[in-house]
Amino acid sequence: MTAVAQKTALTGCLAPIDRGGLEQLIANGKANPKVIKTLKCKTVAEGKFRHANYIRNLAPYIVDEPPGLLGDDTAPNPSEASLAALGSCLAVGLHANAVHRGWTVNKLELELEGDLNITAVWGTGDVSEKPVGFTDVRVKVDMECEGVPQAEIDALVTHVKKWSPVANTFTRPVNLEVSA
């Protein structure tokens with residue numbers, strides 16, 4: 001076995017995770033549990049409701065609206081993007097925790113759906129008292145790990161939901177400041 005293969009946790013059909021790197025992240029978190037990292041994004045309006053979001057040195061992440069909301073349907077809308085962020089965050093947590101436990105992941109798929117009332121039309125429509133944003137979000141995890149009983153996978157899903165940064169953003173108040 002090569003040195004690279006020894007450092008890598010094979011995870012069935014998923015691309016491998018560097019197990020040594022994962023263990024180092026775990027050790028760093030335990031050594032300094034109060035570290036706060038600030039993430040940044042610059043959003044630039046391109047026209048109509050299409051926006052380019054610049055994160056680190058990556059290609060722009062595009063967000064748009066569907067035609068029913070007057071967009072050009074070139075990308076997910078902001079609410080869909082938030083569901084994608086939630087699904088991806090949960091999937092990362094599930095995969096990392098499975099590798100940390102020594103599990104081989106053969107399948108990991110999440111289906112998300114969320115309910116929201118859009119009649120306020122961003123504050124220009126019916127602004128009567130109502131919840132704004134998602135009122136209900138449902139996530140269905142389909143995860144298969146070699147030799148791992150469903151009850152253990154279910155317990156892992158519960159654990160990951162508790163520790164997911166994006167899931168916590170969905171479920172608890174966050175200080176938000178918006179200014180000109």
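In this predicted model, the side chains of Glu23 and Arg19 come together in a salt bridge, with N and O 3.7 Å apart. Both residues belong to helix 2 (residues 19-31), where four residues, about one turn of the helix, separate them. The spacing suits such a pairing, because an α-helix has 3.6 residues a turn and residues three or four places apart point the same way. Glu23 is partly exposed, since its relative accessibility of 29% falls between the 20% that bounds buried residues and the 50% that bounds exposed ones. Arg19, at 30% relative accessibility, is likewise counted as partly exposed.

This pair belongs to a wider set, as the structure holds seven salt bridges. Another of them joins Lys48 to Asp72, whose closest N and O atoms are 3.0 Å apart. Here the link runs between distant parts of the chain: Lys48 sits in the loop between strand 3 and strand 4, Asp72 sits in the loop between strand 5 and helix 3, and the two are 24 residues apart. Lys48 counts as exposed, because its relative accessibility is 59% and the exposed class begins over 50%. Asp72, with a relative accessible area of 41%, is partly exposed.

A further salt bridge brings together the side chains of Asp142 and Lys107, at 2.7 Å from N to O. This pair also links distant parts of the chain, with Asp142 in strand 7 and Lys107 in strand 6, 35 residues apart. Asp142 is partly exposed at 29% relative accessibility, and Lys107 is partly exposed at 24%. In addition, Glu113, Asp115 and Arg138 are connected in a network of salt bridges.

The loops that hold Lys48 and Asp72 also deserve a look for their backbone. Lys48 has a positive phi of about 45 degrees, although it is not a glycine. Its loop runs between strand 3 (42-47) and strand 4 (50-54). Asp73 is another non-glycine residue with a positive phi, in this case about 60 degrees. Asp73 lies in the loop between strand 5 (61-63) and helix 3. With a relative accessibility of 49%, Asp73 counts as partly exposed, because a residue must be over 50% to be called exposed.

Helix 4 (residues 150-163) offers a simple check on geometry. Its 14 residues should span 20 Å at 1.5 Å a residue, and the C-alpha atoms at its ends are indeed 20 Å apart, so expectation and model agree. The buried residues of this helix are Ile153, Leu156 and Val160. Viewed down the axis of helix 4, these buried residues fall within an arc of 55 degrees, so they line one face of the helix. The cover over them includes helix 3 (78-100) and strand 7. On the face turned away from the buried side, helix 4 carries the exposed residues Ala151, Thr158, Lys161 and Lys162.

Turning to the surface, Phe49, Leu70, Val121 and Trp122 make a nonpolar patch of about 390 Å². Of these contributors, Trp122 is found in the loop between strand 6 (105-116) and strand 7 (134-145). Elsewhere, Glu177 lies in the segment after helix 5 (165-171). Glu177 is exposed, with a relative accessible area of 71%. The C-alpha atoms of Glu177 and Val127 are separated by 21 Å, the two residues being 50 apart along the chain.

For the chain as a whole, the model contains five helices and seven strands. Along the sequence, these elements follow the pattern α-β-β-α-β-β-β-α-β-β-α-α. The C-alpha atoms fill a box of roughly 60 × 35 × 35 Å along the principal axes. Of the 180 residues in the protein chain, 22% are buried. Among contacts with a separation of 6 or more, 49% come from residues 24 or more positions apart. The protein chain exposes about 12700 Å², and carbon and sulfur atoms supply 57% of that area.

How values were computed: Residues numbered from 1 in each chain as written. Predicted model: local features only at pLDDT ≥ 70, side-chain atom pairs only at ≥ 80, totals over all residues. Heavy atoms only, no water. Buried < 20%, exposed > 50% of the residue type's maximum accessible area, 1.4 Å probe, protein only. Patch = residues over 30% accessible without salt bridge, like charges linked within 9 Å, V, L, I, M, F, W, Y side chains within 5 Å. Areas by Shrake-Rupley, 256 points an atom, 1.4 Å probe, with all protein chains shown as cover. Salt bridge = Lys/Arg side-chain N within 4 Å of Asp/Glu carboxyl O. Expected span 1.5 Å × (residues − 1). Arc of directions from axis to C-beta. Contact = heavy atoms within 4.5 Å.
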